[in-house]
Amino acid sequence: MDSSFHHIPVLFNETIDSLNIKSDGVYVDCTSGGGGHSTAIAKRLTTGRLISIDRDPQAIATLKERLSAFECVTVVHDNFFNIKNILASLGIEGVDGVLADLGVSSHQLDEPSRGFSFHHDAPLDMRMSIEGMSAADVVNGLPQRELQKIIFDYGEEKFAPSISKAIVKAREQKPIETTFELSDIIKSAMPAAARRDGHPARKTFQAIRIYVNGELDGLGEAVGDMFECLNKGGRVSVITFHSLEDRIVKQQLAPLAKGCTCPKNFPVCVCGNKPQAKVFKAVSPSAEEIAENARCRSSRLRTAEKL
Ligand SMILES: C[S@@+](CC[C@H](N)C(=O)[O-])C[C@H]1O[C@@H](n2cnc3c(N)ncnc32)[C@H](O)[C@@H]1O
Ligand SMILES: [Zn+2]
């Protein structure tokens, strides 16, 4: 077993409990990563089945080893945005639970060669699936205006205009090839006071990573598809890592709990819409969990049950 592929799962027990696992049910782990959640689900199954998905080929290689002891598990290398097709190709019509633990794994962040982190000097990559446009292609190729928009929208970085201009100025001299080169350019574009507020490159690195991996475009629809795949009484649980993700998941799930959509001044309901889901209150990590794993501080668990 490759012990280097670690991931510290957040809200672990809360998440497993939220799925209300039945030993004969069918479950999908959309983001299997290091296999922590998948292992916990598989252990609870007898005649049930678990589909463990990840888009990262390195994660898939590890998952195949780690989950090999469980006959009930099928490991699938794909993007969970394709959940409907994945289940259809396996001949599965409805499932009893779907889990998505969004974002990058600790392994992806901590493995220097993946180029996700400003803590390690490495080629600027950031691709979970190791295919398509890399972070280097993005920072060296996109027009300044587009970089500014990405850094502002996906990083909520107020210095996006000066950072994007500094990136363009630097790449006119030579292409930006490494994480440290990018991090230094970002630092140089920020006022000294802002540089003391956490790592100056954090928001920009988050923004570029989200763009490279297409993490937010289509996420709402994907969560909608997860819900559609559920059998009655089935649950979808999504763990988000930052407010942008959380807003999308919340906006997708919250309306499912609403029935009637008629204007308030209508004397009787004419739409006939019934609530489709029970949506549970969002769960945040405890103070103890945050003290042990600072990365989890902004995470949220959202669960909905199909009625
Ligand atoms: C936070 S980690 C999940 C860790 C996992 N819950 C565990 O217990 O080890 C997120 C994982 O989801 C994968 N991932 C992110 N977006 C994905 C997508 N759209 N489709 C498939 N996998 C994705 C990443 O490659 C990463 O391995
Ligand atoms: Zn109505």
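Ligand 1 occupies the second largest pocket of this predicted model, and a shell of 23 residues surrounds it, among which His37, Asp54, Asn79, Asp101 and Gln108 come nearest. Sorted by class, that shell around ligand 1 is made up of 12 polar, 6 nonpolar and 5 charged residues.

Several polar contacts can be followed from the ligand into the protein. The side chain of His37 places an N or O atom 2.8 Å from a nitrogen atom of ligand 1, while an N or O atom in the side chain of Gln108 lies 2.8 Å from an oxygen atom of the ligand. Ser32 takes part through its backbone, where a polar atom is 3.4 Å from an oxygen atom of ligand 1. Taken alone, ligand 1 would expose 610 Å², and the protein buries 98% of that area.

The zinc ion, ligand 2, has a site built from cysteine sulfurs: its protein donors are the SG atoms of Cys260, Cys262, Cys269 and Cys271, which lie 2.3 to 2.4 Å from the metal. Along the chain these donors follow the spacing C-x1-C-x6-C-x1-C. For four tetrahedral donors the ideal angle at a metal is 109.5 degrees. At the zinc ion, the angles among the 4 donor atoms run from 100 to 118°, and the site is tetrahedral.

Definitions and conventions
Residues numbered from 1 in each chain as written. Chains lettered and ligands numbered in written order. Predicted model: local features only at pLDDT ≥ 70, side-chain atom pairs only at ≥ 80, totals over all residues. Heavy atoms only, no water. Near = heavy atom within 4 Å. Polar contact = N/O pair within 3.5 Å; in protein donor to acceptor, adjacent residues only side chain to side chain. Areas by Shrake-Rupley, 256 points an atom, 1.4 Å probe, with all protein chains shown as cover. 1 Å grid on protein atoms, 1.4 Å probe; cavity = no way out; pocket = protein on both sides within 12 Å on 5 of 7 lines; lining within 4 Å. Sits in = over half its atoms within 2 Å of the grid points. Nonpolar A, V, L, I, M, F, W, Y, C, P; charged D, E, K, R; others polar. Donors = N, O, S within 2.8 Å, 3.2 Å for Na, K, Ca; no water. Tetrahedral: all angles 85-135°; square planar, octahedral: opposite > 155°, others 65-115°.
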